[in-house]
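Hi,

Here is the structure I promised to pass on. Have a look at it first, and then read my notes below.

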Amino acid sequence: MAGVAEGSAADAPKVLVWGPPRAGKTSILKVVFQKMSPCEALFIETTKNVEVTSVNRNALVRFKVLDFPGNSMFGEDLNVFKNVGVVVFVVDAQEDSFTGAVSMAKKIILLACRANAKISFDVLVHKLDGDHFFNEDQKCQIQRDIHSKITEELEEKVNAKVTSHCTSIYDHTVFKAFSKIVQKILPEVPTLETSLDYLISNSRMEKAYLFDIISKVYIASDPQPVDIQSYELCSDMIDVVIDVSCIYGITEDGNSIASTIEQDCQSRCIIHLHNGTLLYLNQVDRCLALVCIIRDEVFEHQQYLLDYNIKIFQEALEEIKAARDLPDGP
């Protein structure tokens, strides 16, 4: 269980994860949603039954991830796709042949489209671990080959929306990929992106991300293109805040701040970089942190304006949460 917030996630949208045995499905989910280290993930036993990870952070971040065993198929039962927003298929890039994985992916996509034409599909071309296995050109070529093999015949049968990502549990790629996946199942993302766009425009920020602190998945960013280096910096900042809190932070009740930092709405941190910018973290809700990239001179002369605008964003966030909890009209 990865949830911490109050409330039920019974009707939460679902992400289904499939792939051949030993493709790395369970290790991905353990690393992203349960903070397992990549080294520990090497010793995970093969998944034998469907495992459910319920993510229930707050009113905005609620969903379930279902991890299916590698040899699991479900015949013609379409109920498995009920309330599903995204199907993720994991392909081991270190395998000699992708024929079996591609065939399995096609079957699942065809069946899922019969059940729900709105489902999105994400293919994780996984285990692209380091230059000693693949250089950047090889990674891109493998990604293109697998993507084309999966989609070439499907285009004539279904209108499936298939996106592919190169991933590894040893770097930030798997977190960035799951950020894109999670954003597809959260209906408030367009509104959050608009709010972040107003924030950076009125505050002269370079970039802003809204992070789930526990998983380091960002659920929204401003509409500017995401630079992997800026994402890595902001993601690493969350680790720094939690690690420092583990060492030095003790709450009034004697518990480590690291055990409660995910729950409060007051954590704040500034890290100055050598390129004339700084990272500014503000916790804006339970398990949600706003991480911004700002130029030093802007922060020096406009910190009060920045803090005021962040407060306005936090109030907008409360309104978005309240709107989600309103009952549907007749």
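Let me start with a salt bridge: the side chains of Lys-127 and Asp-92 meet with N and O 3.3 Å apart. By salt bridge I mean a side-chain nitrogen of Lys or Arg within 4 Å of a carboxyl oxygen of Asp or Glu. Lys-127 sits in the loop between strand 5 (120-126) and helix 4 (136-151), and Asp-92 in strand 4 (residues 84-92), so the pair ties together parts that are 35 residues apart in sequence. Lys-127 is partly exposed at 22% relative accessibility, while Asp-92 is buried at 10%. (Buried is under 20% relative accessible area, exposed is over 50%, and partly exposed is in between, with a 1.4 Å probe and protein chains only.)

Some housekeeping before the rest. This is a predicted model, so local features need pLDDT of at least 70 and side-chain atom pairs count only at pLDDT 80 or more, whereas totals for chains, interfaces and linings use all residues. Residues are numbered from 1 along each chain as its sequence is written, and side-chain values use heavy atoms, with hydrogens and water left out.

The overall picture: the chain has 9 helices and 11 strands. Those are DSSP runs numbered from the N terminus, helices being H or I with at least four residues and strands E with at least two. Of the 330 residues in the chain, 51% are buried. Taking contacts (heavy atoms within 4.5 Å) between residues at least 6 apart in sequence, 68% join residues at least 24 apart.

Back to the charged pairs. The structure holds 10 salt bridges. In another of them, Asp-239 pairs with Lys-216, with the closest N and O atoms 2.7 Å apart. Asp-239 belongs to helix 7 (residues 228-248) and Lys-216 to the loop between strand 7 (207-212) and strand 8 (217-221), which puts the partners 23 residues apart. Here Lys-216 is the buried partner, at 13%, and Asp-239 is partly exposed, at 28%.

Then there is Arg-268 with Asp-307, whose closest N and O atoms are 3.7 Å apart. Arg-268 is in strand 9 (residues 268-272) and Asp-307 in helix 9 (residues 296-325), so this bridge ties together parts 39 residues apart in sequence. Arg-268 is exposed, with a relative accessible area of 52%. Asp-285, Glu-318 and Lys-321 are joined into one network by salt bridges that share partners.

Now the inside. The largest nonpolar core has 69 residues, and Phe-178, Leu-210, Leu-290 and Ile-294 have the most contacts inside it. (A nonpolar core is a set of buried Ala, Val, Leu, Ile, Met, Phe, Trp, Tyr and Cys residues joined through side-chain atoms within 4.5 Å.) It draws at least three residues from each of domain 1 (14-185) and domain 2 (188-325), with bounds that come from an automatic or database domain assignment. Another core, of 32 residues, lies apart from it and includes Phe-98, Met-104, Leu-128 and Phe-134. As for Leu-210, leaving out residues up to four places away in sequence, its contacts include Leu-192, Val-217, Ile-219, Leu-290 and Phe-313.

A few helices are worth opening up:

- Helix 4 has 16 residues and reaches 23 Å from first C-alpha to last, close to the 22 Å expected at 1.5 Å a residue (that is, 1.5 Å times one less than the number of residues). Its buried residues are Lys-139, Ile-142, Gln-143, Ile-146, Ile-150 and Thr-151. They fall within an arc of 145° seen down the axis, so they line one face of the helix; the arc is taken over the directions from the helix axis to the C-beta atoms. Strand 4, helix 3 (99-115), strand 5 and strand 6 (161-166) are included in what covers them.
- Helix 1 (residues 25-33) is mostly covered, with 8 of its 9 residues buried. Lys-35, which follows helix 1, has a positive phi, near 60°.
- Helix 5 (residues 173-183) has 8 of its 11 residues buried, so it is largely enclosed by the rest of the structure. Among the buried ones are Phe-175, Ala-177 and Phe-178.

Last, have a look at His-165, in strand 6. His-165 is buried, at 12%. Beyond its neighbours within four places in sequence, His-165 is in contact with Asp-122, Val-123, Leu-124, Val-125, Gln-143, Ala-177 and Lys-180.

Cheers
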